[in-house]
Amino acid sequence: MARYYYAVQRGRSTGVFNSWDECKAEVNGYPGARYKKFNTYDEARGFAGGSGGPPHRIHGSSFRRPVQYERDSCDSSYRSSSSFGDRDNSYKRTNYGWDERRDRTGSGRRYYGVRSSNPSVRSEIFDSWEDCKNFVRGRSGLSYQKFDTKADAEAFVDGLVKDDGRFVGMSDQDFRETYGTKDWHRNELENRNVYCDGSAFGNGTNSSKAGYGVYFEGSEHENISEPLRSGAPTNNRAEIQAVSHALDQIWQNLSEKDQCVKYQIKTDSEYVAKLLNDRYAGYDEQKLASLPNSDLIVPLVKKFSKVKKFYDVNGREQDGSNKFKVDWVRGHAGDEGNERADALAKMGASRY
């Protein structure tokens, strides 16, 4: 079977891709996209780099690169985030490369995984702290971590948790036998956004009143608007409780009502998004119990793990469509779903 290489000179991301599907994702709908299929890697690399330009990053995990060390570059045109806040949506170029001879042993190298909670930003892996630091600086919704092997970095950005069962409370086999369903492989998934928000009047004062809201897009009879009645009435606790109650309803819909729905939780709480997308993976029960607001966080993580495993068990591995994570959205930025959740949260707080 003939082997082809797909080069993107102008697109959402530039470089040499190992398959047409990967290439298409970067150029489909992109204004002025430039791409082409080649029979050899060198031709594709030359096209991706432009006329006389530097070689570009090679995409695709099954691709076998030439053994010699090369210095690659990757153009990233994604808007991203961190605690510093968003700036612009300009192009940023980062230079880095993979040395396959050293990567096989993992000796002498460090990999920096950047996992995004922002739907407009793609997760990345760097082999230089400077490149990683430049990518995350001034942006929101990103978490990053250092690893000794590329495989561990890939697992981090993919949101894989080696021992999610410790939070689920069931073995993988028991979970699969109880909640696995063949119907999911035959039916078409319905996509549905779920927006969560918390609100506190007089946050941090003795007279504070807090509430939380959940807006189920396309299924408004399931909306939630409740006062926060346990613990300190703070905005942060209300944000946590909003996602926690959303997960309750989602789990009921999936496990009891047999809904064939791909839910996407969206929250403007960067803390909650990072906690559920990556941080809890490195925590044990003792660490979770030591966190502030642990009375809400411990059950939150357990609920998230159950829903996440449900999608893993019933997933469609050929397209990865069942990956479950939490999207971070900027609050009060005109997102209709976020505004609806905010209104529900304020209604809940007013009934405190």
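Asn293 sits in the loop that links helix H10 (285-290) to helix H11 (294-313); helices here are DSSP runs of H or I with at least four residues, strands are runs of E with at least two, and both are numbered from the N terminus. Although Asn293 is not a glycine, its phi is positive, at about 60°. With a relative accessibility of 21%, Asn293 counts as partly exposed, a class that lies between buried (under 20% relative accessible area) and exposed (over 50%), judged with a 1.4 Å probe and protein chains only. A second loop offers a companion case: His332 lies between strand E14 (326-328) and helix H12 (336-350). The phi of His332 is near 55°, again a positive value in a residue other than glycine, and His332 is exposed, with a relative accessible area of 54%.

A word on the model helps before going further. The model is predicted, with local features requiring pLDDT of at least 70 and side-chain atom pairs counted only at pLDDT 80 or more, while totals for chains, interfaces and linings use all residues. Residues are numbered from 1 along each chain as its sequence is written, and side-chain values use heavy atoms, with hydrogens and water left out.

Taken as a whole, the protein has 12 helices and 14 strands. Of its 352 residues, 51% are buried. The accessible surface comes to about 17200 Å², and carbon and sulfur atoms hold 44% of it; these areas come from the Shrake-Rupley method with a 1.4 Å probe, and for residues only the protein chains shown count as cover. Among contacts (heavy atoms within 4.5 Å) with a separation of 6 or more, 67% join residues 24 or more positions apart.

Strand E11 (residues 209-216) makes a good place to look inside. Because 7 of its 8 residues are buried, E11 is largely enclosed by the rest of the structure. Strand E10 (residues 190-201) runs antiparallel to E11 and is joined to it by 8 bridges; two strands pair if DSSP finds at least two bridges between them. Strand E12 (residues 224-227) is also antiparallel to E11, with 4 bridges. Gly213 of E11 appears in both pairings: Gly213 is the bridge partner of Asp197 and stands opposite Ser225 in E12.

Two further buried residues can be found in a strand and a helix. Thr267 belongs to strand E13 (residues 261-267) and is buried, at 0% relative accessibility. Leaving aside residues up to four places away in sequence, Thr267 touches Cys196, Glu239, Val243, Ala273, Val326, Asp327, Trp328 and Val329. Glu26, in helix H1 (residues 20-27), is buried as well, at 4% relative accessibility. Its C-alpha atom is 7.9 Å from that of Thr14, which is 12 residues apart from Glu26 along the chain.

Finally, an open sheet of 3 strands follows the order E8-E7-E9, with antiparallel pairing. Strand E8 (124-126) and strand E9 (142-147) stand at the edges with a single partner strand each, so one side of each lacks a neighbour in the sheet. From one strand to the next, the twist averages 20°. Strand E7 (residues 111-116) pairs with E9 over 6 bridges, and Val114 stands opposite Tyr144 in E9. Helix H5 (residues 150-157) packs on this sheet, touching E7, E8 and E9, and its direction makes about 10° with that of E7; axes are lines fitted to C-alpha atoms, for helices over the stretch in contact, and angles run from 0 to 180 degrees between N-to-C directions.
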